[in-house]
Amino acid sequence: MTLDDLPLRDDLRGRSPYGAPQLDVPVRLNTNENSYPVPEPVVEAIAKAVAAELRDLNRYPDRDAVALRGDLADYLGHGLTTANVWAANGSNEIQQQLFQAFAGPGRTALGFTPAYSMHPLLALGTGTTWVDGRRGDSFDLTAADAAAQVERHRPDLVLLCSPNNPTGTALDPAVLTAVLDVAPGMVVVDEAYAEFARPGTPSALTVLPGHPRLVVTRTMSKAFGFAGGRLGYLAADPAVVDAVQLVRLPYHLSSLTQAAARAALAHRAALLATVEAIKAQRDRIVAALRGRGIRVADSDANFVLFEVGGDQKAAWRALLARGVLIRDVGLPGWLRVTAGTPEETDAFLTASEELS
C-alpha cells in the first residue's frame with residue numbers, strides 16, 4: 001500500500017514532511033544544534049531530577065506545568081510571571097497551538113519569507129490560508145513595507161522571526177511596532193535564536209506590556225543545547241495562555257520532560273556558557289566568507305546564510321562529499337551553515353575553500 005491508496009486529504013498529496021537529512025558524517029552543521037555536549041555536572045543534575053519522577057510514572061504529570069512555567073518566567077525576566085508563560089514540546093508545538101487557537105479554516109496567516117519553513121506547514125495542517133509576505137533583495141524587511149502587507153491581507157495571524165531563520169537577520173524594532181499598529185489579529189515573534197543576538201539587539205519581550213495580542217515564542221533547543229529535551233515556550237498576556245490551553249492535548253508535557261527542563265534551567269549558567277563561543281565562530285565564518293568576496297547575510301543567530309554563486313544543490317553535495325553536512329534551505333544560490341566548535345568551523349572553511 002502507498003499513500004495514493006489512502007483517503008489522504010487532497011491538500012496533503014504530493015507534500016514532503018518537514019526535516020533535514022540526518023546523515024552520519026564527520027561534521028554536522030545543518031540543523032542549528034548546539035555542538036557542545038551537556039556538561040557532566042548538568043547531566044548528573046538532570047539524571048537525578050528525572051530519577052525522582054520514575055516511581056510516580058503511574059500518575060499523570062502536572063497538566064499545567066506550573067513549576068516549570070515559573071522557572072521559565074524567572075529566566076525571561078521583564079516582570080513576567082507564571083501566568084504569562086506557557087510551555088510545550090518545542091516551540092513548534094507552541095506555534096501549532098497558536099495556529100489552532102487563533103487561525104484555522106476561514107482564517108489567514110502571513111509570514112515574510114524566506115523564513116522558518118515550518119510556519120507554512122503549520123498553516124497547512126490547521127487548514128489556515130497561508131500568505132507569503134515579501135522581503136527585500138537583501139532579505140530586509142522595512143516597517144513601511146511590512147505594515148502595508150499586513151494592511152493589504154488583513155491576516156488573523158502574523159509571524160515574524162527575530163533572528164530570522166534562515167537569514168539570521170534580527171528584526172528592526174520599528175517593524176514590530178508598525179505591524180502591531182495595523183494587525184487586526186495576533187502577532188507572533190519567533191525568537192528561537194534570541195540568545196545569540198549581537199549586543200544591543202532588543203527582544204520583543206520589551207514590547208509585551210500594553211500589547212495583549214503579541215506573543216513571543218522561545219526554545220531551549222538552541223542556546224541551552226537541549227534539543228533532545230524538546231522544550232519550547234511562549235510569553236504573552238495571561239489571556240493568550242488561557243486561549244492555548246483550550247487546544248492543548250491533555251498532559252502534553254511528560255513528568256520527565258518537565259523535570260529535565262527544570263534541572264536545565266537551574267543550571268542555565270553552565271549551559272549558556274557556550275553561547276559566546278558559538279557567536280565567535282559565527283562571526284569568524286562571516287568574516288572568512290566575506291574575505292573571499294562571498295555575499296553573506298548579517299547574522300544574529302547561530303548560523304550563517306551565504307551565497308554560493310550557482311547551483312546550491314551541487315555545492316551542498318560537494319561539501320557533503322568532503323564530510324561536511326550543511327543545509328540547503330531551498331533558496332536558489334544560497335546555503336546555510338551552523339556555527340559550531342572551532343574544529344567544525346575549520347572543517348567547513350577548508351571544505352568550502354576547495355570549492356572556489
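# Cores, sheet and salt bridges in a predicted model

Trainee: Which residues does M220 touch, not counting residues up to four places away in sequence?
Mentor: The structure is a predicted model. With neighbours up to four places away in sequence left out, M220 touches L72, G225, F226, A227, L231, Y233, A261, A264 and L265.

Trainee: Which members touch the most other members in the largest nonpolar core?
Mentor: This core has 49 residues. Helix α6 (residues 173-182) supplies its largest share, six residues. The members that touch the most others are L160 and M220.

Trainee: How many residues are in the other core that lies apart from it?
Mentor: That core is separate from the one with L160 and M220. Among its members are V25, V286, L325 and A351. Its count of residues is 29.

Trainee: Is L271 buried or exposed?
Mentor: L271 belongs to helix α9 (residues 268-271). Leaving out residues up to four places away in sequence, L271 touches V38, P39, V42, A223, F224 and A264. The cut-off for a buried residue is under 20% relative accessible area. L271 has 5% relative accessibility, so the class is buried.

Trainee: How many Å apart in space are L271 and T219, C-alpha to C-alpha?
Mentor: In sequence, L271 and T219 are 52 residues apart. In space, their C-alpha to C-alpha distance is 14 Å.

Trainee: What is the order of the strands in the open sheet of seven strands?
Mentor: The pairing in this sheet is mixed. β2 (85-88) and β4 each have a single partner strand, so these two stand at the edges. From one strand to the next, the twist averages 20 degrees. The order is β2-β8-β7-β6-β5-β3-β4.

Trainee: Which residue in β5 does G111 stand opposite?
Mentor: Strand β3 (residues 108-112) pairs with strand β5 (residues 157-161) in the parallel sense, over three bridges. Opposite G111, in β5, stands L159.

Trainee: What angle does the direction of α6 make with that of β6?
Mentor: α6 packs on the sheet and touches β5, β6 (186-190) and β7. Helix α2 (residues 66-76) lies across β2, β7 (214-219) and β8 (232-236), running at about 115 degrees to β2. For α6 against β6, the angle is about 160 degrees.

Trainee: Which residue is the bridge partner of V304 in β11?
Mentor: Strand β9 (residues 303-307) is mostly covered, with four of its five residues buried. β9 pairs with strand β11 (residues 334-338) in the antiparallel sense over five bridges. In β11, V304 has as its bridge partner V337.

Trainee: How far apart are the end C-alpha atoms of helix α3?
Mentor: Helix α3 (residues 90-102) has 13 residues; at 1.5 Å a residue, the helix should span 18 Å. The expected span uses one less than the number of residues. The distance in the model agrees with that expectation, the end C-alpha atoms being apart by 19 Å.

Trainee: What is the phi of G104, which follows α3?
Mentor: Within α3, the buried residues are G90, S91, E93, I94, Q95, Q97, L98, F99 and F102. G104 comes after the helix and has a positive phi, near 105 degrees.

Trainee: How many Å, N to O, is the salt bridge between R134 and D145?
Mentor: R134 is in the loop between β4 (129-133) and α5 (143-153), and D145 is in helix α5, 11 residues apart. R134 is partly exposed at 43% relative accessible area, and D145 is partly exposed at 24%. A salt bridge requires the nitrogen to be within 4 Å of the carboxyl oxygen. The N to O distance here is 3.2 Å.

Trainee: Which residue forms a salt bridge with D283?
Mentor: D283 is partly exposed, with a relative accessible area of 37%. Its partner counts as buried, at 0% relative accessibility. The closest N and O atoms are 3.0 Å apart, and the partner is R282.

Trainee: Is D10 buried or exposed?
Mentor: D10 and R13 meet through their side chains in a salt bridge of 3.9 Å, N to O. R13 is partly exposed at 34% relative accessibility. The cut-off for exposed is over 50%. D10 has a relative accessible area of 68%, so the class is exposed.

Trainee: How many salt bridges does the count come to?
Mentor: Side chains of opposite charge can pair when their charged atoms come close. Salt bridges with shared partners join E191, E195 and R218 into one network. The count of salt bridges comes to 14.

Definitions and conventions:
Residues numbered from 1 in each chain as written. Predicted model: local features only at pLDDT ≥ 70, side-chain atom pairs only at ≥ 80, totals over all residues. Heavy atoms only, no water. Core = buried A, V, L, I, M, F, W, Y, C linked by side-chain atoms within 4.5 Å. Buried < 20%, exposed > 50% of the residue type's maximum accessible area, 1.4 Å probe, protein only. Contact = heavy atoms within 4.5 Å. Pairing = 2+ DSSP bridges. Axes fitted to C-alpha atoms, helices over the stretch in contact; angles between N-to-C directions.
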